[in-house]
Amino acid sequence: MIGYADVHGDLLPINNDDNFFKAVSSAHPLLRVFIQRQDEVDYSNFGTNTLSRKKKALVTLRNDNLRRRPHINISMPHDFRPVSSIIDVDILPETHRRVRLYRHGCEKPLGFYIRDGTSVRVTPHGLEKVPGIFISRMVPGGLAESTGLLAVNDEVLEVNGIEVAGKTLDQVTDMMIANSHNLIITVKPANQRNNIIRSSRMSGSSGQSTDSTASHHSLPTSHVLQNFHPDEMESDEEADIVIEGGLEPQHIPKLHNLTSSSLSRINGSSLSHRLQRDLVLNNNSGRESNGNIHKLLSSLKTDPRHSLVIPRGGIEEDGTVITL
Amino acid sequence: PSPAGEPGHVGRPGLPWEGTVEHGFPSQPSALAYDPVLRVMAIGTKAGAVKLYGAPGVELTGLHKETATVTQLHFLPGQGWLLSLLDDNTLHLWEVCQKEGCSHLEETRSFGLPGRPGCSPGITRVTVVLPMAAGAMVCLGTEGGAVYFVTLPTLTLLEDKTLFPDEILLSVPDDYRCGKALGPVESVQEHPRNGSQLLIGYSRGLVVLWEQSTRTVQHLFLGNQQLESLAWEQSGKSIVSSHSDGGYMVWAVSGTGQKTQQPTMSTIPYGPFPCKAISKILWRTCESGNPFIIFSGGMPRASYGDRHCVSVLQGQTLATLDFTSRVIDFFTVQSPSPPSPGFENPRALVVLVEEELVAIDLQTPGWPTIPAPYLAPLHSSAITCSCHVSNVPLKLWERIVSASSLPPSALHPSLQAWPIDGGKNLAQEPTQRGLLLTGHEDGTVRFWDASGVSLKPLYKLGTANIFQTDCEHNDSLNQAGEEEWPPFRKVGCFDPYSDDPRLGVQKIALCKYTAKMVVAGTAGQVLVMELSDEKSEHAVSVATVDLLQDREGFTWKGHDRLAPRNGPLHFPPGFQPSVLVQCVPPAAVTAVTLHSEWNLVAFGTSHGFGLFDYYRRNPVLARCTLHPNDSLAMEGPLSRVKSLKKSLRQSFRRIRKSRVRDRPVSPPQVQEANAQLAEQAGPPEVEMTPVQRRIEPRSADDSLSGVVRCLYFADTFLRDAAHHGPTMWAGTNSGSVFAYALEVPSQEKFSERAVEAVLGKEIQLMHRAPVVAIAVLDGRGNPLPEPYEVSRDLAKAPDMQGSHSMLISSEEQFKVFTLPKVSAKTKFKLTAHEGCRVRKVALVSLASAGSEERLENCLACLTNLGDIHIFTVPSLRPQVHYSCIRKEDISGIASCVFTKHGQGFYLISPSEFERFSLSARNVTEPLCRLEVARLQDTSCLRWAVWGVWGALLWWNPSRTRLGPRGSSSSEVCEGLVVPGACRGGWEQGECLS
């Protein structure tokens, strides 16, 4: 594991061409390089201000939090995959949050329930009660809960860009399930205390924001996510499995690169569902491995908005989730 | 460019969705009326609908704004006016208006009797409505015993004419009065010869002949039995009264100022034991002999109190017509022109019972029934499936008609023409013959002529006689013993009680070119049938197909298979079974398809699918689709087979029925309050049920994943792009598609070589939604034609040069794949956008309104929300979308069937199909005309223009009274309407209403 210290004294990793180039170009006058064995790397040391140890309020919060827990050894960024993200922060009202849940394969359940309810809206006639859809329950250990971005009693406003107003609970359920491979839901969080206050964003963390821009992430969050093969995810979903019958086995479909292990099953009499699932997963991970590093780096908490929102919200809402 | 790109090219966008016509029998009828001049009848329902029927094709429909039961309907004969009384005690006037040459039914005014101060509102509840023959007035009898008079058509109360019971009591002797009230008015009848005299009957038994002009009592009949109904003898010399003890009395009417203590005749026809009331009685004179006395009820309470009977008595001849459900009302139809005055000569008796309409021919000895050309009781046994065949060849049509013209039963229906024949059908002759097949719970398949507005029964096919059922039916009801009394005669065909639910028909497939049919049922039975013009006696060959294919760990806990009868069986002309295939385990058949050119039938259940060669009579293929975790599939339908008896089933069915047709009925006050709320800002409080839904993607081990949802035969490219050949496709509930390549020998070698099936491809849709339909499109993007369609020059040959594509419709997505490579070409994810799921889907060809040549293939789909979406094929672009069925109406959505040319049907009640059209060109709707002759010139045009304030000006009682009397001075109203003004008037009228 190779790291370097940048001008601000932050320990940053070198693991691709981009940050290597950044490291070399920003060397001033010397480039401090840290080399560690992969097993011993303490990733909590990476990030802003980690070397200079200047304790700013935000960082403290996060670091304290990490220190409280026993030290966990976590692996390299490319072994990660994104679980969720907050997107379109710049275009949404502050009271709303658009969350993208990434579901890989069929193993992990999305893990939440929705219900009918009423919400109060401001209309030209004044305040009105209108029917709405709310998150009613989280499955412990499910994907939704683990993100910390959704909580019980959050009102669901949109699913993949389609407003849920006027739709029935069953319709919304089906929309979510149909989009479950790449679910983007816009919610109005029940707990509005974790909202980003935009006016204070620049002043509160100006130092860091320039740092991170300098290091490697100048793109707004939403853009980064757009880069992130959403199309590929789509196509994963669409990848229906075709197995040729025993007529002419030499006609191997070009559509899917069936591995040899799966080919051996082709002549079998029945579809083995588990096998297919594995097959798809293998394909996915193979195709995605390149993008993964990039993706992961973006979710490394160098972006101030991330460091603000994710952990704090996660912790606080963890408390409320259990209450149901 | 594709015409599909033009908005509004298909369908009838812009219009609010509405069906074109309703077929079948109105659900929950509650009132009946007949107009002897226009020769039309009206039926009112509990939902507030009013329907007029005349000659076949003449149908007018109206719906009250209030959802209230129509309790009475009365025509003003010949004038095209109809009065309806609702159970909220309001009176409504309907008018037949002419719009663009066609008649329509419009509600013009309504009226409620004002309450009397200091009295309970109940006393002004209207019990009797009698429009006077003169046409200017209607007489209302009430619960309180008062008789009110209201002008027509303004519906204004003439307060000075009101007749209170106190006025009558003055003339009643003290000993009769005994200080008691007269009770509610039970009947008011106008003197047949003298319009100013009214016969008024009170509940306690008093009957009064009242002279309106002098306000005097002409005649008192001091009856002592509780009165139910009254009728005049046509000459006006005697009256007949019916009573609650099951008896009726004949009274002589003579002179003035008399009091009659005793009737000339009094009898309790079904006595001497206590009898139920005779609720209505009619007296009809007849030139050829004794008068007819026709009455409903009066049955001996203890032994036959539960029967629904109408008795017809002529001299010594008595027939007790035993109906299948409660009698609502009845009337007689007179011969169009009475040969001699003084006789009514009833031609037919028409009886409306809760579940059907029956007409009895009174001129033919034996009083046979006259088959009705409409109001078919679709639900005589519950409908379990339906199927539509468009463009039926004339030859097959004639063969089906001739098969049905030989009724198997001894009792022939009457040959008399349908007596209710008023109005003129203006609809064009249907351009093609459409056949609607309905499968029923009792194992019958009924064939209906669905070409035009009235759905006519063509042929009925029974499948029950092939099997040994639990209860062997004894048809002894028709040949009841000679001595039985009362002389019951079963009439009507409503019989919702299936002897064995396993007989229920689940799927039907018909080849219109070879007249081969497949009927598949609840116990896994698949019957291959052939149309034969001769009766036959032959044995049906039986084959079983094991769909489990030695899967271990499954035991079937559902019903047993149906045991076929052994030996040769007798079959009447019509569709006769040749082969019976029984699935093992005997789960209900969920999909069936037939290829008559290849002699193959494919069928699927919740366990798998099979392919059967009915020419060589051997199975070709059986495939299990069960997932190892799927345990529910083996449970079978809640095993109600043996345990539940007829009565229980009956009650379930009632519950189901009531669920289907229960519309929320709210009293007017609530509606009013709601309306006020709506006007104020803010919607009313929405009550929320604490329902929650889990957001989990489907996994493979959902229950019932193995159910075969669709089967399809196609001649296409499965193995390679160079050779096409017969293929079979099957789709399951878990999103799997199986494709088989078939080796079908040529026609000559059918008997020598067997058909072979080789698995070509298995496709697993990643979203795992149930596969609803599969279709193959040719190189030009058109669906492949049906077997024989091309060889008989009825369709263009498909393009076999270009690459074929396959359209798979799941409950969530439509996808087009290339063949033979099966790579996705286009898709539309319906659920991801709308959150709805596909329930029914069909490829329809829609003709442009401008030219019939311009055909467009579209995909029509009905969702679980009751919306219909139309997509282009194969590009899958959404075109239009209508909301069609209420989403709560699950049975309506489940019953929907599309025709090939963009029409469709769905059940709006257990007994009624609503027909709709997605096509701008192909619309079947009633267009008819009733020629009305109004006494007063008050076409609805004027009402619409004048509006509310105009009505005030219009009201002029003196004019009404002085108005011309008698039909000689009547004017035909459309003569007064200037066409241009008419149109303008209507537009304004619509704005006002």
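Select strand β33 of chain B, residues 444-449, and look at its two faces in turn: Thr444(B), Arg446(B) and Trp448(B) lie on one side, Val445(B), Phe447(B) and Asp449(B) lie on the other, and all of them are buried, so that both faces are covered. In a regular strand the side chains alternate between the two faces of the sheet. The strand as a whole is mostly covered, with 6 of its 6 residues buried. Please keep in mind throughout the tour that this is a predicted model.

Next, add the neighbours of this strand to the selection. Strand β32 of chain B, residues 435-440, runs antiparallel to β33(B) and is joined to it by 5 bridges, and within this pair Gly439(B) stands opposite Val445(B). If you follow the chain through the hairpin of β32(B) and β33(B), you pass 3 residues between the strands, and in this hairpin Gly443(B) takes a positive phi near 90°.

Strand β34 of chain B, residues 456-462, also pairs with β33(B) in the antiparallel sense, here over 6 bridges. Which residue of β34(B) stands opposite Val445(B)? It is Leu461(B), and the hairpin that joins β33(B) to β34(B) passes through 6 residues.

Now move to strand β50 of chain B, residues 708-716, which is largely enclosed by the rest of the structure because 7 of its 9 residues are buried. With β50(B) still selected, add strand β51 of chain B, residues 725-732, and you will find an antiparallel pairing over 8 bridges. One place to centre the view is Thr716(B), which stands opposite Gly725(B) in β51(B).

The following stop is a single residue, Asp778(B), which you will find in the loop between β54 (771-777) and β55 (805-810) of chain B. Asp778(B) is buried yet has no salt bridge, and the nearest side chain of opposite charge, that of Arg780(B), is 4.1 Å away. A salt bridge is counted only within 4 Å. What does the side chain of Asp778(B) reach at 3.0 Å? The partner is the backbone nitrogen of Asp799(B). To see the surroundings, select Leu784(B), Pro798(B), Asp799(B), Ser803(B) and His804(B), which Asp778(B) touches when residues up to four places away in sequence are not counted.

From there, go to the open sheet of 4 strands in chain B, whose order is β1-β64-β63-β62 and whose pairing is antiparallel. The edge strands of this sheet are β1 (21-24) and β62 (897-898), each of which pairs on one side only. To inspect one of these edges, select β62(B) together with strand β63, residues 903-909 of chain B, which pair in the antiparallel sense over 2 bridges, and note that Phe898(B) stands opposite Gly904(B) in β63(B).

Finally, colour the cysteines. The structure holds 0 disulfides over all chains. Cys385(B) is in no disulfide, and the nearest cysteine sulfur, that of Cys387(B), is 7.6 Å away. Is Cys385(B) buried or exposed? Cys385(B) is buried, with a relative accessible area of 11%. The last residue to select is Cys624(B), which is likewise in no disulfide, the nearest cysteine sulfur being that of Cys583(B), 12 Å away; Cys624(B) counts as buried at 7% relative accessibility.

Definitions and conventions. Residues numbered from 1 in each chain as written. Chains lettered and ligands numbered in written order. Predicted model: local features only at pLDDT ≥ 70, side-chain atom pairs only at ≥ 80, totals over all residues. Heavy atoms only, no water. Disulfide = S-S within 2.5 Å. Buried < 20%, exposed > 50% of the residue type's maximum accessible area, 1.4 Å probe, protein only. Pairing = 2+ DSSP bridges. Lys, Arg positive; Asp, Glu negative; His and termini not counted. Polar contact = N/O pair within 3.5 Å; in protein donor to acceptor, adjacent residues only side chain to side chain. Contact = heavy atoms within 4.5 Å.
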